[in-house]
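User: I am a first-year student and would like a close look at one part of this protein, please. Could you pick a helix, show me what surrounds it, and then follow the chain to its surroundings?

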Amino acid sequence: MPGPPDSLPVAAMTDRLLVCGLGSGMDRSLTELRSPRRELVVVTDHPTDRARAAADVLIVCDPNDAVAVLTELSAAGIDRIDGVFSLGADNPPVISTLARRFGCPGLPLETALDCTLKDRRLRILRAAGLDLPRFATAESVGEAVRVVADIGLPAVLKPSDQTGSLGVLKVETAGQVRGLAEEALRLSPGGRIVVEEFLEGTEHTLAAFMVDGELHRFGFADREYGRKEEFAPHFFEGGDTLPSRLTAEQIEEVTETVRRGARALRLDPAVINTDILRTHDGRVILLEITCRLTGARIATEVMRLATGVDPLPNVVRLALGRPLEPAELVPRHSRAAVQRFLPADGGVVEWVGDPRDVARRAGVHDVFWGLDLRPGAVVPSYRGGSDVLAGVIAHAPEAGEAEAIADRALNALPLRFKTGSP
(Lines give C-alpha, C1' and ligand atoms only; values in the text may rest on other atoms or scores of the structure.)
Protein backbone atom coordinates (compact mmCIF):
# COMPACT_ATOMS: atom_id res chain seq x y z
CA MET A 1 0.00 0.00 0.00
CA PRO A 2 1.55 3.33 -0.99
CA GLY A 3 2.45 5.63 1.87
CA PRO A 4 1.32 9.26 2.22
CA PRO A 5 2.84 11.93 -0.03
CA ASP A 6 5.31 12.93 2.68
CA SER A 7 6.90 9.49 2.46
CA LEU A 8 7.61 9.68 -1.29
CA PRO A 9 11.28 9.45 -2.30
CA VAL A 10 12.99 12.83 -2.27
CA ALA A 11 13.98 12.44 -5.95
CA ALA A 12 10.29 12.31 -6.95
CA MET A 13 9.68 15.67 -5.31
CA THR A 14 12.81 17.42 -6.52
CA ASP A 15 12.86 20.01 -9.31
CA ARG A 16 16.15 20.02 -11.16
CA LEU A 17 16.96 23.61 -12.17
CA LEU A 18 19.64 24.42 -14.72
CA VAL A 19 21.14 27.91 -14.31
CA CYS A 20 23.06 28.32 -17.55
CA GLY A 21 25.19 31.46 -17.37
CA LEU A 22 25.91 33.96 -14.60
CA GLY A 23 26.04 37.67 -15.33
CA SER A 24 28.54 39.88 -13.55
CA GLY A 25 28.18 39.39 -9.78
CA MET A 26 25.07 37.27 -10.18
CA ASP A 27 26.63 34.25 -8.45
CA ARG A 28 25.53 35.99 -5.24
CA SER A 29 21.93 35.00 -6.02
CA LEU A 30 22.61 31.28 -6.31
CA THR A 31 22.21 30.63 -2.58
CA GLU A 32 18.67 32.04 -2.77
CA LEU A 33 17.78 29.39 -5.33
CA ARG A 34 18.78 26.52 -3.06
CA SER A 35 16.00 24.47 -1.53
CA PRO A 36 15.59 20.93 -0.13
CA ARG A 37 13.10 20.39 -2.97
CA ARG A 38 15.49 21.49 -5.71
CA GLU A 39 18.65 20.26 -7.32
CA LEU A 40 20.72 23.13 -8.69
CA VAL A 41 22.88 22.57 -11.77
CA VAL A 42 25.04 25.58 -12.63
CA VAL A 43 26.89 26.16 -15.90
CA THR A 44 29.53 28.90 -15.98
CA ASP A 45 32.86 29.62 -17.60
CA HIS A 46 33.99 31.61 -14.55
CA PRO A 47 33.52 29.32 -11.52
CA THR A 48 33.62 31.16 -8.21
CA ASP A 49 33.63 30.02 -4.61
CA ARG A 50 29.99 31.09 -4.36
CA ALA A 51 29.03 28.97 -7.38
CA ARG A 52 30.90 25.97 -6.03
CA ALA A 53 29.19 26.29 -2.66
CA ALA A 54 25.67 26.74 -4.04
CA ALA A 55 25.61 24.26 -6.93
CA ASP A 56 24.69 20.62 -6.47
CA VAL A 57 26.40 20.10 -9.82
CA LEU A 58 28.85 22.66 -11.23
CA ILE A 59 29.71 22.43 -14.92
CA VAL A 60 32.53 24.59 -16.25
CA CYS A 61 32.08 25.47 -19.91
CA ASP A 62 30.93 28.33 -22.12
CA PRO A 63 27.23 29.01 -21.36
CA ASN A 64 26.93 30.70 -24.76
CA ASP A 65 27.71 27.42 -26.57
CA ALA A 66 24.69 25.10 -26.55
CA VAL A 67 26.62 22.17 -28.00
CA ALA A 68 29.31 22.44 -25.32
CA VAL A 69 26.69 22.67 -22.56
CA LEU A 70 24.79 19.63 -23.82
CA THR A 71 28.03 17.67 -24.13
CA GLU A 72 29.06 18.46 -20.57
CA LEU A 73 25.60 17.71 -19.19
CA SER A 74 25.70 14.32 -20.89
CA ALA A 75 29.18 13.64 -19.51
CA ALA A 76 27.86 14.44 -16.03
CA GLY A 77 25.04 11.92 -16.49
CA ILE A 78 22.30 14.57 -16.45
CA ASP A 79 19.45 13.56 -18.72
CA ARG A 80 16.57 15.36 -16.99
CA ILE A 81 16.08 19.08 -16.48
CA ASP A 82 12.80 20.57 -15.21
CA GLY A 83 13.56 24.25 -15.76
CA VAL A 84 16.32 26.32 -17.34
CA PHE A 85 17.22 30.01 -17.21
CA SER A 86 20.23 32.27 -16.84
CA LEU A 87 21.03 34.71 -14.07
CA GLY A 88 21.56 37.86 -16.10
CA ALA A 89 23.64 36.18 -18.82
CA ASP A 90 22.63 37.35 -22.28
CA ASN A 91 22.24 33.95 -23.94
CA PRO A 92 18.50 33.49 -24.71
CA PRO A 93 19.12 31.31 -27.81
CA VAL A 94 21.06 28.81 -25.68
CA ILE A 95 18.33 28.80 -23.03
CA SER A 96 15.70 28.12 -25.71
CA THR A 97 17.81 25.34 -27.23
CA LEU A 98 18.24 23.64 -23.84
CA ALA A 99 14.55 24.04 -22.97
CA ARG A 100 13.55 22.33 -26.20
CA ARG A 101 16.11 19.55 -25.74
CA PHE A 102 14.85 18.69 -22.25
CA GLY A 103 11.17 19.42 -22.85
CA CYS A 104 11.15 22.37 -20.41
CA PRO A 105 8.95 25.45 -20.66
CA GLY A 106 10.63 28.15 -22.73
CA LEU A 107 10.40 30.43 -25.74
CA PRO A 108 11.00 29.09 -29.27
CA LEU A 109 14.54 29.46 -30.61
CA GLU A 110 13.37 31.81 -33.37
CA THR A 111 11.87 34.15 -30.77
CA ALA A 112 15.09 34.13 -28.75
CA LEU A 113 17.09 34.93 -31.88
CA ASP A 114 14.68 37.72 -32.81
CA CYS A 115 15.34 39.59 -29.58
CA THR A 116 19.07 38.78 -29.41
CA LEU A 117 20.25 39.64 -32.93
CA LYS A 118 20.05 43.40 -33.25
CA ASP A 119 19.21 43.55 -36.96
CA ARG A 120 16.33 41.07 -36.61
CA ARG A 121 14.97 42.85 -33.54
CA LEU A 122 15.04 46.25 -35.24
CA ARG A 123 13.23 44.98 -38.34
CA ILE A 124 10.46 43.41 -36.25
CA LEU A 125 10.02 46.50 -34.08
CA ARG A 126 9.98 48.76 -37.14
CA ALA A 127 7.32 46.57 -38.78
CA ALA A 128 5.26 46.89 -35.58
CA GLY A 129 5.38 50.69 -35.88
CA LEU A 130 7.62 51.44 -32.89
CA ASP A 131 9.69 54.63 -32.90
CA LEU A 132 13.30 53.72 -33.74
CA PRO A 133 16.48 55.50 -34.77
CA ARG A 134 17.27 55.33 -38.47
CA PHE A 135 19.32 52.18 -39.02
CA ALA A 136 20.81 49.84 -41.61
CA THR A 137 23.10 46.80 -41.62
CA ALA A 138 26.53 46.31 -43.15
CA GLU A 139 28.68 43.24 -43.80
CA SER A 140 31.82 44.99 -45.03
CA VAL A 141 33.78 48.15 -44.37
CA GLY A 142 32.80 49.58 -47.74
CA GLU A 143 29.13 48.92 -47.05
CA ALA A 144 29.48 50.55 -43.62
CA VAL A 145 30.98 53.67 -45.23
CA ARG A 146 28.01 53.92 -47.59
CA VAL A 147 25.47 53.30 -44.83
CA VAL A 148 26.98 55.93 -42.51
CA ALA A 149 26.96 58.44 -45.35
CA ASP A 150 23.25 57.75 -45.84
CA ILE A 151 22.28 57.85 -42.15
CA GLY A 152 24.53 60.79 -41.30
CA LEU A 153 26.94 61.65 -38.53
CA PRO A 154 27.22 61.09 -35.65
CA ALA A 155 26.26 57.42 -35.82
CA VAL A 156 26.64 54.30 -33.68
CA LEU A 157 28.16 51.03 -34.90
CA LYS A 158 27.14 47.79 -33.16
CA PRO A 159 28.03 44.14 -33.84
CA SER A 160 24.64 42.60 -34.57
CA ASP A 161 25.35 39.49 -32.52
CA GLN A 162 27.25 40.79 -29.48
CA THR A 163 26.03 41.84 -26.04
CA GLY A 164 27.18 43.88 -23.05
CA SER A 165 28.10 46.95 -25.17
CA LEU A 166 31.00 45.01 -26.71
CA GLY A 167 32.01 46.74 -29.94
CA VAL A 168 29.44 49.53 -29.59
CA LEU A 169 31.22 52.56 -31.03
CA LYS A 170 30.32 56.16 -31.76
CA VAL A 171 31.60 57.51 -35.07
CA GLU A 172 31.70 61.31 -35.34
CA THR A 173 33.76 62.00 -38.47
CA ALA A 174 33.99 60.44 -41.90
CA GLY A 175 37.64 59.68 -41.26
CA GLN A 176 36.76 57.38 -38.36
CA VAL A 177 34.32 55.18 -40.21
CA ARG A 178 36.69 52.66 -41.78
CA GLY A 179 38.73 51.97 -38.64
CA LEU A 180 35.74 51.70 -36.34
CA ALA A 181 33.77 49.58 -38.82
CA GLU A 182 36.72 47.18 -39.02
CA GLU A 183 36.74 46.88 -35.23
CA ALA A 184 32.98 46.30 -34.98
CA LEU A 185 33.04 43.72 -37.78
CA ARG A 186 35.97 41.92 -36.18
CA LEU A 187 33.97 41.55 -32.97
CA SER A 188 30.90 40.16 -34.76
CA PRO A 189 30.99 36.35 -35.07
CA GLY A 190 28.56 36.57 -37.99
CA GLY A 191 30.36 39.46 -39.68
CA ARG A 192 27.39 41.83 -39.57
CA ILE A 193 27.04 45.22 -37.91
CA VAL A 194 24.16 47.58 -37.34
CA VAL A 195 24.60 51.29 -38.03
CA GLU A 196 22.20 53.51 -36.09
CA GLU A 197 21.46 57.19 -35.96
CA PHE A 198 22.91 58.67 -32.74
CA LEU A 199 20.19 60.11 -30.51
CA GLU A 200 20.54 61.92 -27.19
CA GLY A 201 18.39 61.84 -24.09
CA THR A 202 18.04 59.90 -20.85
CA GLU A 203 18.29 56.11 -20.68
CA HIS A 204 16.34 53.78 -18.45
CA THR A 205 16.12 50.12 -17.42
CA LEU A 206 12.69 48.48 -17.15
CA ALA A 207 12.44 44.96 -15.73
CA ALA A 208 9.23 42.98 -16.09
CA PHE A 209 7.46 39.69 -16.66
CA MET A 210 5.20 39.20 -19.66
CA VAL A 211 2.57 36.48 -19.15
CA ASP A 212 -0.71 35.94 -21.03
CA GLY A 213 -0.37 39.29 -22.77
CA GLU A 214 0.01 41.25 -19.54
CA LEU A 215 3.20 43.11 -18.63
CA HIS A 216 4.08 43.00 -14.93
CA ARG A 217 6.69 45.69 -14.30
CA PHE A 218 8.74 45.16 -11.14
CA GLY A 219 11.59 47.63 -11.55
CA PHE A 220 12.36 50.92 -13.28
CA ALA A 221 15.73 52.67 -13.03
CA ASP A 222 17.57 55.60 -14.56
CA ARG A 223 20.89 54.75 -16.17
CA GLU A 224 23.83 56.92 -15.17
CA TYR A 225 25.60 58.32 -18.23
CA GLY A 226 27.36 61.37 -16.84
CA ARG A 227 30.68 60.06 -18.21
CA LYS A 228 29.16 58.40 -21.27
CA GLU A 229 31.67 59.62 -23.85
CA GLU A 230 34.76 59.99 -21.67
CA PHE A 231 36.30 56.95 -23.37
CA ALA A 232 35.12 57.72 -26.91
CA PRO A 233 34.51 56.01 -29.24
CA HIS A 234 33.43 53.53 -26.54
CA PHE A 235 30.51 54.29 -24.23
CA PHE A 236 30.69 54.10 -20.44
CA GLU A 237 27.61 53.40 -18.32
CA GLY A 238 28.15 54.50 -14.73
CA GLY A 239 25.35 52.47 -13.12
CA ASP A 240 21.65 52.68 -12.24
CA THR A 241 19.55 54.85 -9.92
CA LEU A 242 16.17 54.28 -8.28
CA PRO A 243 13.70 55.86 -7.97
CA SER A 244 13.54 57.35 -11.46
CA ARG A 245 13.49 61.07 -12.08
CA LEU A 246 10.76 60.57 -14.68
CA THR A 247 7.19 61.37 -13.75
CA ALA A 248 4.64 58.61 -13.23
CA GLU A 249 3.06 59.57 -16.57
CA GLN A 250 6.41 59.34 -18.37
CA ILE A 251 7.15 55.94 -16.80
CA GLU A 252 3.76 54.67 -17.99
CA GLU A 253 4.55 55.95 -21.50
CA VAL A 254 7.83 54.00 -21.45
CA THR A 255 6.03 50.93 -20.09
CA GLU A 256 3.53 51.02 -22.95
CA THR A 257 6.39 51.10 -25.46
CA VAL A 258 7.97 48.06 -23.80
CA ARG A 259 4.61 46.29 -23.82
CA ARG A 260 4.26 46.89 -27.57
CA GLY A 261 7.80 45.70 -28.18
CA ALA A 262 7.31 42.53 -26.14
CA ARG A 263 4.13 41.71 -28.04
CA ALA A 264 5.78 42.35 -31.41
CA LEU A 265 8.64 40.00 -30.50
CA ARG A 266 6.28 37.40 -28.96
CA LEU A 267 8.09 37.46 -25.63
CA ASP A 268 5.36 35.65 -23.69
CA PRO A 269 5.77 34.09 -21.21
CA ALA A 270 9.10 35.67 -20.41
CA VAL A 271 11.13 37.68 -17.96
CA ILE A 272 12.15 40.84 -19.78
CA ASN A 273 15.11 43.21 -19.66
CA THR A 274 15.13 46.49 -21.57
CA ASP A 275 17.17 49.57 -22.38
CA ILE A 276 15.04 52.60 -23.25
CA LEU A 277 16.09 56.01 -24.52
CA ARG A 278 13.82 58.98 -23.90
CA THR A 279 14.96 61.80 -26.16
CA HIS A 280 15.02 65.42 -25.10
CA ASP A 281 11.94 66.06 -27.25
CA GLY A 282 9.98 63.21 -25.64
CA ARG A 283 10.42 60.31 -28.09
CA VAL A 284 10.56 56.86 -26.45
CA ILE A 285 13.04 54.59 -28.20
CA LEU A 286 13.37 50.90 -27.36
CA LEU A 287 17.11 50.37 -27.72
CA GLU A 288 17.09 46.82 -26.40
CA ILE A 289 14.54 44.28 -25.27
CA THR A 290 15.41 40.69 -24.50
CA CYS A 291 14.04 37.66 -22.67
CA ARG A 292 16.31 37.43 -19.65
CA LEU A 293 16.60 38.71 -16.12
CA THR A 294 18.31 42.10 -15.83
CA GLY A 295 21.90 41.35 -14.84
CA ALA A 296 24.79 43.04 -13.04
CA ARG A 297 22.82 42.59 -9.77
CA ILE A 298 20.32 45.26 -10.84
CA ALA A 299 17.08 43.23 -10.72
CA THR A 300 18.16 41.02 -7.85
CA GLU A 301 19.76 43.57 -5.51
CA VAL A 302 19.59 47.23 -6.62
CA MET A 303 15.91 47.20 -7.55
CA ARG A 304 15.16 44.94 -4.61
CA LEU A 305 16.75 47.41 -2.16
CA ALA A 306 14.58 50.17 -3.60
CA THR A 307 11.24 48.35 -3.78
CA GLY A 308 11.48 45.18 -1.66
CA VAL A 309 10.54 43.06 -4.71
CA ASP A 310 12.44 39.80 -5.20
CA PRO A 311 11.92 38.53 -8.78
CA LEU A 312 13.71 35.19 -8.31
CA PRO A 313 10.73 33.12 -7.10
CA ASN A 314 8.79 34.13 -10.20
CA VAL A 315 11.79 33.46 -12.45
CA VAL A 316 11.79 29.91 -11.09
CA ARG A 317 8.02 29.54 -11.52
CA LEU A 318 8.30 30.72 -15.12
CA ALA A 319 11.10 28.25 -15.84
CA LEU A 320 9.05 25.39 -14.38
CA GLY A 321 5.88 26.39 -16.23
CA ARG A 322 4.01 27.33 -13.07
CA PRO A 323 1.69 30.32 -12.63
CA LEU A 324 3.20 33.72 -11.91
CA GLU A 325 2.45 35.31 -8.53
CA PRO A 326 1.84 38.97 -9.49
CA ALA A 327 1.26 39.98 -5.86
CA GLU A 328 4.97 39.34 -5.18
CA LEU A 329 5.87 41.98 -7.80
CA VAL A 330 4.06 44.84 -6.06
CA PRO A 331 6.54 47.25 -4.40
CA ARG A 332 6.62 47.02 -0.62
CA HIS A 333 8.38 50.34 -0.14
CA SER A 334 10.06 53.14 -2.09
CA ARG A 335 13.65 53.93 -1.16
CA ALA A 336 16.68 55.18 -3.02
CA ALA A 337 19.25 52.68 -4.27
CA VAL A 338 22.12 53.17 -6.67
CA GLN A 339 24.85 51.18 -8.31
CA ARG A 340 27.97 53.01 -9.48
CA PHE A 341 30.96 51.70 -11.41
CA LEU A 342 34.53 52.89 -11.63
CA PRO A 343 35.94 52.27 -15.13
CA ALA A 344 39.21 50.47 -15.70
CA ASP A 345 41.53 52.61 -17.80
CA GLY A 346 45.04 51.24 -17.71
CA GLY A 347 47.79 51.11 -15.11
CA VAL A 348 49.78 48.62 -13.04
CA VAL A 349 48.52 47.70 -9.56
CA GLU A 350 51.01 48.38 -6.77
CA TRP A 351 48.83 47.49 -3.76
CA VAL A 352 45.28 46.23 -3.27
CA GLY A 353 43.29 45.69 -0.08
CA ASP A 354 39.91 44.21 0.82
CA PRO A 355 36.94 46.26 -0.48
CA ARG A 356 34.80 44.82 2.30
CA ASP A 357 36.54 47.25 4.65
CA VAL A 358 34.77 50.06 2.78
CA ALA A 359 31.47 48.16 2.75
CA ARG A 360 31.16 48.49 6.52
CA ARG A 361 30.09 52.14 6.14
CA ALA A 362 26.45 53.12 6.70
CA GLY A 363 24.35 52.91 3.56
CA VAL A 364 26.82 50.71 1.67
CA HIS A 365 25.25 47.43 0.59
CA ASP A 366 28.40 46.14 -1.11
CA VAL A 367 31.70 47.22 -2.65
CA PHE A 368 33.40 44.90 -5.10
CA TRP A 369 36.23 44.59 -7.58
CA GLY A 370 35.26 44.15 -11.22
CA LEU A 371 38.62 42.66 -12.17
CA ASP A 372 41.02 40.18 -10.61
CA LEU A 373 43.36 42.69 -8.96
CA ARG A 374 46.68 41.83 -7.33
CA PRO A 375 50.07 43.57 -7.12
CA GLY A 376 51.64 43.67 -10.56
CA ALA A 377 48.34 43.18 -12.41
CA VAL A 378 48.09 45.20 -15.61
CA VAL A 379 44.71 46.91 -15.90
CA PRO A 380 43.54 47.28 -19.52
CA SER A 381 42.49 50.53 -21.11
CA TYR A 382 38.73 50.93 -21.21
CA ARG A 383 37.18 49.15 -24.21
CA GLY A 384 33.59 48.47 -23.15
CA GLY A 385 31.08 47.64 -20.45
CA SER A 386 32.98 44.66 -19.06
CA ASP A 387 36.05 46.77 -18.23
CA VAL A 388 34.92 47.79 -14.75
CA LEU A 389 37.58 48.33 -12.11
CA ALA A 390 35.18 48.36 -9.16
CA GLY A 391 31.59 48.96 -8.19
CA VAL A 392 29.40 49.86 -5.25
CA ILE A 393 25.73 49.41 -4.34
CA ALA A 394 24.40 51.97 -1.87
CA HIS A 395 21.04 52.93 -0.40
CA ALA A 396 19.50 55.82 1.53
CA PRO A 397 16.15 57.57 2.01
CA GLU A 398 16.90 59.95 -0.90
CA ALA A 399 18.67 59.40 -4.23
CA GLY A 400 21.14 62.25 -3.76
CA GLU A 401 22.24 60.82 -0.43
CA ALA A 402 22.67 57.32 -1.90
CA GLU A 403 24.74 58.75 -4.76
CA ALA A 404 26.98 60.61 -2.30
CA ILE A 405 27.51 57.41 -0.26
CA ALA A 406 28.47 55.55 -3.44
CA ASP A 407 30.91 58.26 -4.52
CA ARG A 408 32.60 58.28 -1.10
CA ALA A 409 32.93 54.50 -1.16
CA LEU A 410 34.57 54.48 -4.59
CA ASN A 411 36.95 57.27 -3.54
CA ALA A 412 37.98 55.21 -0.49
CA LEU A 413 38.84 52.02 -2.38
CA PRO A 414 41.94 50.26 -0.99
CA LEU A 415 43.87 50.39 -4.26
CA ARG A 416 47.08 52.04 -5.38
CA PHE A 417 48.67 52.12 -8.81
CA LYS A 418 52.36 52.40 -9.56
CA THR A 419 53.67 55.87 -10.25
CA GLY A 420 52.54 57.09 -13.63
CA SER A 421 49.43 54.92 -13.61
CA PRO A 422 45.85 56.29 -13.20
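Analyst: **Helix H7 and its surroundings**

The cover over the buried residues of helix H7 includes strands E5, E6 and E8, together with helix H8 (177–186). Please keep in mind that this is a predicted model.

Which residues of H7 lie under that cover? H7 runs over residues 141–151, and its buried residues are Val141, Ala144, Val147, Val148 and Ile151. They cover an arc of only 115 degrees around the axis, so they sit on the same side of H7. A rule about helices helps here: an α-helix has 3.6 residues a turn, so residues three or four places apart point the same way. Turn H7 around in your viewer, and on the face away from the buried side you will find the exposed residues Arg146, Ala149 and Asp150.

Now follow the chain out of H7. The helix is followed by Gly152, which has a positive phi near 100 degrees. Next comes a cis peptide bond between Leu153 and Pro154, with omega about -5 degrees. Pro154 belongs to the loop between H7 and E6, and E6 is one of the elements that cover the buried residues of H7.

Those strands lead us to another helix. Strands E5 (135–138), E6 (155–159) and E8 (193–197) also pack against the buried residues of H6, along with helix H5 (109–116), helix H9 (248–264) and strand E13 (284–290). In H6, which spans residues 118–127, the buried residues are Lys118, Asp119, Arg121, Leu122 and Leu125. Looking down the axis of H6, you see them fall within an arc of 160 degrees, so they line one face of the helix. Just after H6 there is a glycine with a positive phi too: Gly129, at about 85 degrees.

Of the partners of H6, let us pause at H5. Two packed helices are described by the angle between their axes and the distance between the axes. For H5 and H6, the angle is about 95 degrees and the axes are 5 Å apart. H5 is therefore roughly perpendicular to H6. On the H5 side, the contact is made by Glu110, Leu113, Asp114, Cys115 and Thr116, and on the H6 side by Lys118, Arg120, Arg121 and Ile124. Sorted by class, the residues of this contact are 5 charged, 3 nonpolar and 1 polar.

It is worth setting another helix pair beside this one. Helix H3 (residues 66–75) packs with helix H4 (residues 92–102) at an angle of about 40 degrees, and their axes are 10 Å apart. H3 and H4 are therefore oblique to each other, and H3 passes H4 in a right-handed crossing. H3 brings Ala66, Val69, Leu70 and Leu73 to the contact, while H4 brings Val94, Thr97, Leu98, Arg101 and Phe102. By class, the contact of H3 with H4 has 7 nonpolar residues, 1 polar and 1 charged.

Val69 of H3 can guide you onward, as it is also touched by Val43, a residue of strand E2 (residues 38–44). Val43 counts as buried because its relative accessibility is 0%. Leaving out residues up to four places away in sequence, the others it touches are Leu18, Val19, Cys20, Gly21, Ile59, Cys61 and Pro63.

Let us return to E13, one of the elements that pack against the buried residues of H6. Is the loop residue His280, between strand E12 (270–279) and E13, buried or exposed? His280 is exposed, because its relative accessible area is 67%. Apart from its neighbours within four places in sequence, His280 is in contact with Glu200 and Gly201.

On the other side of E13, the loop between E13 and helix H10 (298–307) holds Arg297. Arg297 has a positive phi of about 70 degrees although it is not a glycine. With a relative accessible area of 2%, Arg297 is buried.

One last stop is H9, another partner of the buried residues of H6. The loop between strand E11 (239–242) and H9 contains Pro243, and the peptide bond from Leu242 to Pro243 is cis, with omega near 0 degrees.

Conventions. Residues numbered from 1 in each chain as written. Predicted model: local features only at pLDDT ≥ 70, side-chain atom pairs only at ≥ 80, totals over all residues. Heavy atoms only, no water. Axes fitted to C-alpha atoms, helices over the stretch in contact; angles between N-to-C directions. Helix = DSSP H or I, 4+ residues; strand = E, 2+ residues; numbered from the N terminus. Parallel < 35°, antiparallel > 145°, perpendicular 65-115°, else oblique. Left-handed = near helix turned anticlockwise from the far one by under 90°. Contact = heavy atoms within 4.5 Å. Nonpolar A, V, L, I, M, F, W, Y, C, P; charged D, E, K, R; others polar. Buried < 20%, exposed > 50% of the residue type's maximum accessible area, 1.4 Å probe, protein only. Arc of directions from axis to C-beta.
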